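Biologist: Before we rely on any of the labels attached to this model, I would like to hear the reasoning behind them. Could you take me through it?

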Amino acid sequence: MSFSLESFQLGDIITGKIIKVEPKGVLVDFYTDQLGYVPLLELSFADIQSPEEAVQLNEIREFLVVGNYDGEHNIFFSHCSPETLKDSDRLYETALYLASEKCGYPISREDLIVHTKIRDVHGNGVSATIQWFLCSQEHPPTVSFSIRQLEMRKAWERVRQLQTEDVTVYGKILKKTSRGALVKIEGLYSSIRTYVDKQREELVVGEELPLNIIKVREEDNFLVLLHRSVSVRLKQLQVGQVVSGIIRGIKNYGVFVDIGDLYALLPTSKMFHPSVDHPNQLFKINDHLKAKIIKIDPENCQVVLESCGS
């Protein structure tokens with residue numbers, strides 16, 4: 001029994017065969033009465049310039065159903081000679097005329113994909129369906145099937161699993177940012193979070209780092225990482241613990257203390273010297289001090305201290 005593409009439900013994972021490859025997308029046979037058109041953007045999670053970088057003709061792939069299909073534009077010929085079918089110019093001329101009528105504006109041949117499907121062979125020739133798909137930049141087709149979004153879904157599943165198992169992942173630094181650096185993990189852009197300057201100064205574009213995933217928020221397309229050594233150090237710390245360190249930075253709002261693999265912040269308000277206008281009245285770079293941890297925020301690589309005494 002045949003069924004149509006509308007039978008699929010949003011979120012379904014379905015199998016289809018690539019039967020035609022065009023510069024702007026591919027036609028897919030989902031083993032229904034209709035074909036599906038998948039544009040270039042939806043063929044891969046990676047950045048690609050042509051369909052051949054992601055799929056091959058006659059390849060069978062999985063697709064995620066991401067929208068209601070509205071791409072059925074059929075021309076049925078009950079009596080069509082083999083010569084007519086071979087005359088691609090005539091077929092395109094007919095499809096262009098009907099597509100322009102339906103859309104209400106002229107359609108160029110470059111913006112149309114046409115596929116011929118033989119329905120029946122008889123004494124007078126053949127019965128055929130000509131299916132056409134509009135693929136213009138100004139009027140792109142409704143995205144209904146996607147490899148890209150399926151690969152993205154699987155990537156988020158993998159990073160959640162890696163986070164749960166506390167697996168060390170490796171990412172190459174693509175760009176330094178105001179709070180750390182940008183890398184790709186499982187194809188997802190991810191941020192290495194450094195609350196203070198120590199790790200950011202040491203980061204080098206192109207360097208590959210061992211990292212731990214500390215925050216996964218798919219709904220916001222948000223993935224946060226920490227350098228493995230920082231993650232290990234944070235797990236060794238506890239609120240209330242007294243730590244020793246060396247002052248590496250002085251700001252009006254506090255001082256940054258190197259406590260090994262990361263900086264901790266001793267805010268001015270936690271120095272027990274309310275009459276002091278600026279921390280540089282109390283401290284100098286490379287001073288040693290002891291302080292108590294009052295807050296640990298692994299998601300932002302933040303450790304906050306307070307003075308142990310006067």
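Modeller: Let us begin with Asn286, bearing in mind that the model is predicted.

Biologist: Why is Asn286 called partly exposed?

Modeller: The relative accessibility of Asn286 is 46%, and because the partly exposed class lies between the 20% limit for buried and the 50% limit for exposed, Asn286 counts as partly exposed. Asn286 is placed in the loop between β17 (263-267) and β18 (288-297).

Biologist: What makes the phi of Asn286 worth a remark?

Modeller: Asn286 has a positive phi of about 80° although it is not a glycine. Most residues other than glycine have a negative phi.

Biologist: Which class of exposure does Tyr31 fall into, and how do you know?

Modeller: Tyr31 has a relative accessible area of 46%, and since values between 20% and 50% define the middle class, Tyr31 is partly exposed. Tyr31 sits in the loop between β2 (25-29) and β3 (35-39), and its phi, near 60°, is likewise positive in a residue other than glycine.

Biologist: Why is Asp258 called buried?

Modeller: Its relative accessible area is 17%, and because buried means under 20%, Asp258 is classed as buried. Asp258 belongs to strand β16, which covers residues 254-258.

Biologist: What makes the approach of the Asp258 side chain to Gly260 a polar contact?

Modeller: The side chain of Asp258 reaches the backbone nitrogen of Gly260 at 2.9 Å, and because the cut-off for such a pair is 3.5 Å, the distance of 2.9 Å satisfies it.

Technical notes:
Residues are numbered from 1 along each chain as its sequence is written. This is a predicted model: local features need pLDDT of at least 70, side-chain atom pairs count only at pLDDT 80 or more; totals for chains, interfaces and linings use all residues. Side-chain values use heavy atoms; hydrogens and water are left out. Helices (H or I, at least four residues) and strands (E, at least two) are DSSP runs, numbered from the N terminus. Buried means under 20% relative accessible area, exposed over 50%, partly exposed in between (1.4 Å probe, protein chains only). A polar contact is a pair of N or O atoms within 3.5 Å; within protein, one must be able to donate a hydrogen and the other to accept it, and residues adjacent in sequence count only if both atoms are side-chain atoms.
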